[in-house]
Amino acid sequence: MFYERFKALCERKGVSPSRAAIEAGISKSLVSKWKANESKEPSPEVLRKLADYFGISPFEVLEDLPKKEKPLVNDDEELTEYLEQLRTRPELKMMFQLTKDATKEDVEKAVKVIEAMLGKD
């Protein structure tokens, strides 16, 4: 259940789930739905808000969910898998601040730019 992961993130940040919801810009009623298991995981938009709020990647927000339950990025299975592979590379962590319209090609270009900046041609 996603609520347990959300609660753990709140505890790590030292805030209540209600306070986190308000500060992240999501409704407290959505958190109540997670708690009641009415909504198993956040939408991509809410996922981005939570990632920004907690200062982690969207994949890390869902870390405890089985891989098959993670939502697809832009409904693109290949892009989602590619981002999951990049998730563990610290120098590429900024990749997870992508806009909602990023394509796999956009991501690949950004990776090349970052790698070039780091001298990893």
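## Exercises on cores, salt bridges and one helix

At 31% relative accessibility, lysine 49 is partly exposed. Keep that in mind for Exercise 1, and remember that you're looking at a predicted model.

**Exercise 1.** Find the salt-bridge partner of lysine 49 and work out how the two sit along their helix.

*Solution.* Start with the side chain of lysine 49: it meets that of glutamate 45 in a salt bridge, with 3.8 Å from N to O. That passes, because the cut-off is 4 Å. Next, look at the spacing. Lysine 49 and glutamate 45 are four residues apart in helix H4, so about one helical turn separates them. Here's the general rule: an α-helix has 3.6 residues a turn, so residues three or four places apart point the same way.

**Exercise 2.** How many salt bridges does a search of the whole structure find? Track down the one formed by arginine 19 and say whether its two residues are buried or partly exposed.

*Solution.* The search turns up two. Arginine 19 pairs with glutamate 23, and their closest N and O atoms are 2.7 Å apart. Both residues belong to helix H2, where a spacing of four residues puts about one helical turn between them. Now check accessibility: arginine 19 comes out at 49%, which makes it partly exposed. Glutamate 23, with a relative accessible area of 39%, is partly exposed too.

**Exercise 3.** Stay on H2 and list its buried residues, then decide how they're arranged around the axis.

*Solution.* The buried ones are Pro17, Ala20, Ala21 and Ala24. Look down the axis of H2 and these buried residues fall within an arc of 100 degrees, so they line one face of the helix. Then ask what covers them: H1, H3 and H4 are included in that cover. Finally, step past the end of H2 and you'll meet glycine 25, which has a positive phi near 85 degrees.

**Exercise 4.** Which residues touch the most other members of the largest nonpolar core, and which helices feed that core?

*Solution.* This core has 22 residues, and the best-connected are Phe6, Trp34, Leu50, Phe54 and Val61. At least two core residues come from each of H1 (2-13), H2 (17-24), H3 (28-35) and H4 (44-54). H4 gives the largest share, with six. Zoom in on phenylalanine 54: ignoring neighbours within four places in sequence, it contacts Phe6, Leu9, Cys10, Lys13 and Ala20. Don't stop there, though. Another core lies apart from this one; it has eight residues, including Phe59, Leu79, Leu86 and Val111.

Methods
Residues are numbered from 1 along each chain as its sequence is written. This is a predicted model: local features need pLDDT of at least 70, side-chain atom pairs count only at pLDDT 80 or more; totals for chains, interfaces and linings use all residues. Side-chain values use heavy atoms; hydrogens and water are left out. A nonpolar core is a set of buried Ala, Val, Leu, Ile, Met, Phe, Trp, Tyr and Cys residues joined through side-chain atoms within 4.5 Å. Buried means under 20% relative accessible area, exposed over 50%, partly exposed in between (1.4 Å probe, protein chains only). Contact means heavy atoms within 4.5 Å. The arc is that of the directions from the helix axis to the C-beta atoms.
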